[in-house]
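Trainee: Could we go through this structure together? I would like to begin with the ligand and then turn to the surface.
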Amino acid sequence: MQNKESLITSDLVLIGGGHSHLFVLKHFAMNPQPGLRITLVTRDLHTPYSGMLPGFIAGHYDYDAAHIDLLPLARFAGARVIHAEVTAINAERKQITIAGRPSLNYDLLSINTGSRPTSPLLQDQQNDQFAVKPVDRFIDSWHRLEQRLVEDDKDLQLAVIGGGAGGIELALSLQYRVTQLAGRKASLRLLILTDRDRLLPGHNKRARQMFADILQQRAIPVFYQHRVTGFQNGFLQGDFETPVAADKAIWVTHASPAEWLTDSGLALDTNGFIAVNPCLQSVSHDDVFAAGDVAAVADYPRPKSGVFAVRQGLPLARNLILRYRQRKLRPFRPQAQFLSLISTGDRFAIASRGPWALQGKWCWWLKDRIDRKFIRRFSELPEMTRVEDDGGEIAAMRCGGCGSKVGSEILERVLEQIGQKYGISNDSGLEHPDDAALIRIPAGRELIQSIDHFRSFIDDPYLFGKIATNHALADLHAMGVNAHSAMVIANVVFGSEDKQSQDLYQLMSGVVETLQQNGTLLVGGHSGEASQMSCGVSVNGFARPEDLILKTGVRPGDLLILTRPLGSGVLFAADMLGKARGDWIDAAIEQMLMSSRDAASCLQEFRASACTDVTGFGLAGHLFEMARESACAIEIYIDRLPLYPGVISLSRQGIASSLQPQNIRIRHGIKDTENLASHENYPLIFDPQTAGGLVASVAEAQADKCMQQLRQLGYDQAQVIGRAIARTETDRILSLVNS
Ligand SMILES: Cc1cc2nc3c(=O)[nH]c(=O)nc-3n(C[C@H](O)[C@H](O)[C@H](O)COP(=O)(O)OP(=O)(O)OC[C@H]3O[C@@H](n4cnc5c(N)ncnc54)[C@H](O)[C@@H]3O)c2cc1C
């Protein structure tokens, strides 16, 4: 009675959002494979396009023009995204280790993690020397140098280590950038060191001469046959007699692989890159594929360059599908010669291919056209339609006679894993499971309970488990109570036993970790399967009645403090449509992962007269309830609402949560004498929140100190968002004002 087509039977995990995986994602969007789930694990959500990197550094392109946002692309492909760094692969166990979260299993793996310049840097970047990759960290380091040129009048001598196309383009781009730097007090002097007797090895003589001339014109000296091995106390060291002085050094040397590949069990080439055959398949493990800089094709060595990573993209995608379908793979052999368009910092470039080279502004124009077209290919995606609930049909076809539970073996296995990993204590219901949990209520206390349950709005089970738990715990936190224990209903999507147990493990890891962080015991639960992942958490706590903070105590004169931004409803509605930027979603998730426990203690310390957590009814709905029950009115400072990044822009496009129309009905109870309903923040007071902040009323005399303390505790976006006033019979309960 199952719709086999809808079951997840295989996991394809993509590590790294490099150039080749852009093609893989797009190809899978156009050619979805029933039963195959795709998960992208990426250190960066915005991937830099190598062709535009020098132009970005020179300042010709802004961040968005030169980066591809992986989140909408992954949404388009129906792929899950895990924004985290992979730190190990175990090819025998088919498992990857991810920093700061549970490991992940795969059936099919594709690696496109690029490379880093060879350098002695132990830490990613140091104060006086840094590597050009990872690009985002390089950009941070460079911004600090720019700041120094503006604030300090001492000239800066910067050594670029590496005389390939990357090193030269970087030096010229940095020089150009500094000439444009407003308010600069000091100048930048650049020098290039290379271990070869020539620049640009691999390019023709004419191109090399053109670059040598340009570097000379721009007063950038080149130190040939200087193999640099270190940089210390202001000197570059290596196999040359006279040390070369510099204030800072940037490593743009030849590519080296990530260290974690060494213990992966995968066959590597002599330089440590993953050895693949012409089908881009690991020569040692037929379920592992690799492309781009991280891969080495034994039969046809090619330079490490974005061009090849791009060319391998489509063949990689096709071979992944063929491998999944157990069909014969197709080899791919890229041309040995290709057109390189290398920029010279200003809007000028040199074209090099085989034995010929040309230069001019037109080369830059051509490069710019090609590069912009590339970016558009992955950022201008077809419109996606919103699916409110696509689960009915599939769910109906699945036999529900078992109460839609996942198999008991799955549950047992997962609970055992969770118990071992998180050291579930003896007094927990999981350690000695019975039909129900027994909880003793301490004398003089009352039992406070709450429950929340919702479908997943993100596809990462681990983060979803954490957010769902935080959301549920906040109900008790809002009353000034920390939860003693919790029960969980975890529904994972239809899939093979193996897939369900992996999902359940990830989801429960998120739940248990969050409960542990809050000092709350997991005492029982229920697991099930459904067409969509969902999680419900019921929480119990004990308190003396006199210690509780209720919703009903708001006093006229109190200020209203909100501890977290608004807009999660809009953001995740946009995410479903592939319209939310990766960094916006990231910023919201970061806040949603924060427990409200410390905020609640702080509000208690400052004797909050009333408190609630902002969830499904939106800010207006919850404030309405507080004011009505407290027999006062509340003025909302419409211009002071803290909002998640991106929310205004999305709201202007008319994007709203599907719950918003219900919430907005309350507008009849809102007074708007200053015509503030036209304010761009207005729709956001109706936006339903997941894991929203606490909103509390605090005496005006205490509010400043309370705000300071909240910010010190990490609630850095907490804000005073209104004031309580006395209410007459005829007054509306809420009103909009400017602060
Ligand atoms: C200054 C400079 C200019 C260049 N200009 C050009 C050019 O004009 N043309 C050209 O063809 N090449 C150029 N290159 C070379 C080019 O940058 C690389 O060859 C290319 O980026 C390699 O592409 P890739 O797809 O293999 O990996 P990348 O583009 O490096 O992408 C790898 C991705 O994997 C992710 N990742 C890495 N490690 C992990 C991990 N452990 N876990 C999860 N995710 C991870 C990262 O977030 C990254 O986004 C330039 C290089 C430099 C330094």
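Trainee: Which of the 30 residues around the ligand come nearest?
Mentor: Please bear in mind that this is a predicted model. The residues that come nearest to the ligand are His-19, Asp-44, Asp-293, Gly-306 and Val-307.

Trainee: What does Asp-293 offer the ligand, side chain or backbone?
Mentor: Backbone: a polar backbone atom of Asp-293 is 2.8 Å from an oxygen atom of the ligand. For Gly-114, a polar backbone atom is 3.5 Å from a ligand oxygen. Thr-47 uses its side chain, where an N or O atom is 3.0 Å from an oxygen atom of the ligand.

Trainee: And how much of the ligand's accessible area does the protein cover?
Mentor: On its own the ligand has 980 Å² of accessible area, and the protein covers 88% of that.

Trainee: Which element gives the most to the shell?
Mentor: That is α8, with 3 residues. The elements giving two or more residues are β2 (36-42), α6 (165-179) and α8 (306-324). By class, the shell has 15 polar, 8 nonpolar and 7 charged residues.

Trainee: Where does the ligand lie with respect to the domains?
Mentor: It lies between domain 1 (4-117 + 257-338 + 361-379) and domain 2 (129-255), because both give residues to the shell around it.

Trainee: Changing topic: which residues form the nonpolar patch on the surface?
Mentor: Leu-339, Trp-356, Leu-358, Trp-362 and Trp-365 form it, and together they have about 530 Å² of accessible area.

Trainee: Which elements supply at least two of those residues each?
Mentor: β25 (356-360) and α9 (361-379) do. Leu-339 sits in the loop between α8 and β23 (340-344).

How values were computed:
Residues are numbered from 1 along each chain as its sequence is written. This is a predicted model: local features need pLDDT of at least 70, side-chain atom pairs count only at pLDDT 80 or more; totals for chains, interfaces and linings use all residues. Side-chain values use heavy atoms; hydrogens and water are left out. A residue is near a molecule or strand if one of its heavy atoms lies within 4 Å of it. A polar contact is a pair of N or O atoms within 3.5 Å; within protein, one must be able to donate a hydrogen and the other to accept it, and residues adjacent in sequence count only if both atoms are side-chain atoms. Accessible areas come from the Shrake-Rupley method with a 1.4 Å probe; for residues, only the protein chains shown count as cover. Helices (H or I, at least four residues) and strands (E, at least two) are DSSP runs, numbered from the N terminus. Ala, Val, Leu, Ile, Met, Phe, Trp, Tyr, Cys and Pro count as nonpolar, Asp, Glu, Lys and Arg as charged, and the others, Gly among them, as polar. Domain bounds come from an automatic or database domain assignment. Patches are made of residues with over 30% relative accessible area and no salt bridge: like charges are joined within 9 Å, nonpolar side chains (Val, Leu, Ile, Met, Phe, Trp, Tyr) within 5 Å. A salt bridge is a side-chain nitrogen of Lys or Arg within 4 Å of a carboxyl oxygen of Asp or Glu.
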